[in-house]
Amino acid sequence: MITDRVYDLVRDDVFLRVTGLGDLTRFYLKLEGLNAAGSIKLKTARSILTGAELSGVDMSQVRIIESTSGNLGVALAVICAAKGYRLTCVTDANANASAAAIMRTLGAEVVVIRERDENGGFLGSRISYIRRRLQKEPDLFWVNQYANPDNSLAHEQSTAPAVLDEFHKVDRLYVGVGTGGTLMGITDYFRTHSPQTRIVAVDSVGSVNFSSEPGPRHIPGLGTSRRPELLAPDAPDEVVLVHEDDTVRECRWLARTTGLLAGGSTGTVLAAIRRQAADIDPDETVVAIAPDLGERYLNSVYDDDWVIEHGLGRALAPERPLEEGQRDVLV
């Protein structure tokens, strides 16, 4: 591929077959970390900014502002650098320091919010900050990934068709949930083109996306402390909630058995699949979305001191990963 635009460097056709989760023989990870911005969010950012341009917004006359836990901010910064747009990324104390550093290097202003919201997370506080600035700065333009239909459209038009084009028949599709954009786009596509596919949403314990009890979370990517407007909680066929220590354990298991260093969201999805593996026919085709790679998590998920400091030390115990049926949290 040769292109003049870095944001067109999207790889939608890379899948890794993974064994070792029960008896599954046809389980595949869709690797989104090979996109130019390092995550699935490159497609989201490109769709959102294209939608704004087509709507008539003069992007040269505004400063784009967005709330982000890391990956979307990096993706927006990549595109804004290429297009010459001004960008402010509002992140928080849980965000990967390396992601914030990339945003700054690409020319974005980065604001770090340290005050938690009423549900113990940072999303509500980040959005409140943006709303205050919007009242004071008329040249700001909030792209608002949490309510923007171009978020889910990106995955309805690219991520979902890429999965079905590769496998033709998918029995189960596991999707981690943050803003809900990936889940909603994939669900909309599969309900039309492959309604027999079972869509399983995976979220973190402490997230309120599916009306669960709010609680502190430390790993960015999945989960929210405020349900995004895009997300329809009844859209998936099933929801699985995963503890963050299980996320850590599965990330490390994957790295040491396959050589793939994956991000926290992938570990969360793997934990959900492992606990359900006994109920899945080994011949079923199971696909999971792996949103990013693990380099941005070296100082968190893959750092023993960080894991212990954040109360996730159970993940370091010299034992096998949780087998199916243990610590199930289903919604």
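The following legends accompany close-up views of a predicted model.

**View 1. Salt bridges in the segment before strand S1 and their link to helix H1**

The structure holds 22 salt bridges, and this view presents a selection of them. Side chains of opposite charge can pair when their charged atoms come close. Arg 5 and Asp 8 are joined through their side chains, with an N to O distance of 2.7 Å. Arg 5 counts as partly exposed because its relative accessibility is 42%, a value that lies between the 20% limit for buried and the 50% limit for exposed residues. A salt bridge also connects the side chains of Arg 11 and Asp 13, at 3.2 Å from N to O. Asp 13 is partly exposed at 48% relative accessibility, and Arg 11 is likewise partly exposed, with a relative accessible area of 40%.

For Asp 12 and Lys 43, the closest N and O atoms of the salt bridge are 2.8 Å apart. This pair connects distant parts of the chain, since Asp 12 belongs to the segment before S1 whereas Lys 43 belongs to helix H1 (residues 41-54), 31 residues apart. Asp 12 and Lys 43 are both buried. Through shared partners, salt bridges unite Asp 12, Lys 30, Glu 32 and Lys 43 in one network.

**View 2. A nonpolar surface patch formed by Met 1, Val 6 and Leu 9**

The accessible area of Met 1, Val 6 and Leu 9 together is about 290 Å². Leu 9 is located in the segment before strand S1 (15-17). With a relative accessible area of 33%, Leu 9 is partly exposed. Leu 9 therefore passes the accessibility requirement for patch residues, which is over 30% relative accessible area.

**View 3. Helices H2 and H8, both mostly covered**

Helix H2 comprises 13 residues, 71-83, and reaches 19 Å between its first and last C-alpha atoms, close to the expected 18 Å at 1.5 Å a residue. Of the 13 residues of H2, 10 are buried. The buried residues of H2 include Asn 71, Leu 72, Gly 73, Val 74 and Ala 75; Leu 76, Ala 77, Val 78, Ile 79 and Cys 80 are also among them.

Helix H8, residues 264-276, has 13 residues and likewise reaches 19 Å from first to last C-alpha, close to the 18 Å expected at 1.5 Å a residue. In H8, 13 of the 13 residues are buried.

**View 4. Strand S8 and its parallel partners S7 and S9**

Strand S8 (residues 198-204) is mostly covered, with 6 of its 7 residues buried. Strands S7 and S8 pair in the parallel sense over 5 bridges. In this pairing, Gly 176 stands opposite Val 202 in S8. From S7 the chain passes through helix H6 (residues 181-193) to S8, forming a right-handed β-α-β crossover.

S8 is also joined to strand S9 (residues 238-242) by 5 bridges, and S8 and S9 run parallel. Here Ser 204 faces Val 242 in S9.

**View 5. Pro 216 in the loop between S8 and S9**

Pro 216 counts as exposed at 56% relative accessibility. Although Pro 216 and Gly 206 are separated by 10 residues in sequence, their C-alpha atoms are 5.9 Å apart in space.

**View 6. Positive phi angles at Asn 144 and His 168**

Most residues other than glycine have a negative phi. Asn 144 is not a glycine, yet its phi is positive, at about 50°. Asn 144 occupies the loop between strand S6 (140-142) and helix H5 (149-167). Its relative accessible area is 16%, so Asn 144 is buried.

His 168 is not a glycine either and has a positive phi of about 65°. His 168 lies in the loop between H5 and strand S7 (172-176). Its relative accessible area is 63%, so His 168 is exposed. The two residues thus differ in their surroundings: Asn 144 is buried, whereas His 168 is exposed.

Methods
Residues are numbered from 1 along each chain as its sequence is written. This is a predicted model: local features need pLDDT of at least 70, side-chain atom pairs count only at pLDDT 80 or more; totals for chains, interfaces and linings use all residues. Side-chain values use heavy atoms; hydrogens and water are left out. Patches are made of residues with over 30% relative accessible area and no salt bridge: like charges are joined within 9 Å, nonpolar side chains (Val, Leu, Ile, Met, Phe, Trp, Tyr) within 5 Å. Accessible areas come from the Shrake-Rupley method with a 1.4 Å probe; for residues, only the protein chains shown count as cover. A salt bridge is a side-chain nitrogen of Lys or Arg within 4 Å of a carboxyl oxygen of Asp or Glu. Helices (H or I, at least four residues) and strands (E, at least two) are DSSP runs, numbered from the N terminus. Buried means under 20% relative accessible area, exposed over 50%, partly exposed in between (1.4 Å probe, protein chains only). Two strands pair if DSSP finds at least two bridges between them. A crossover is right-handed if, with the strands pointing away from the viewer, the path from the first strand over the helix to the second runs clockwise. The expected span of a helix is 1.5 Å times one less than its number of residues.
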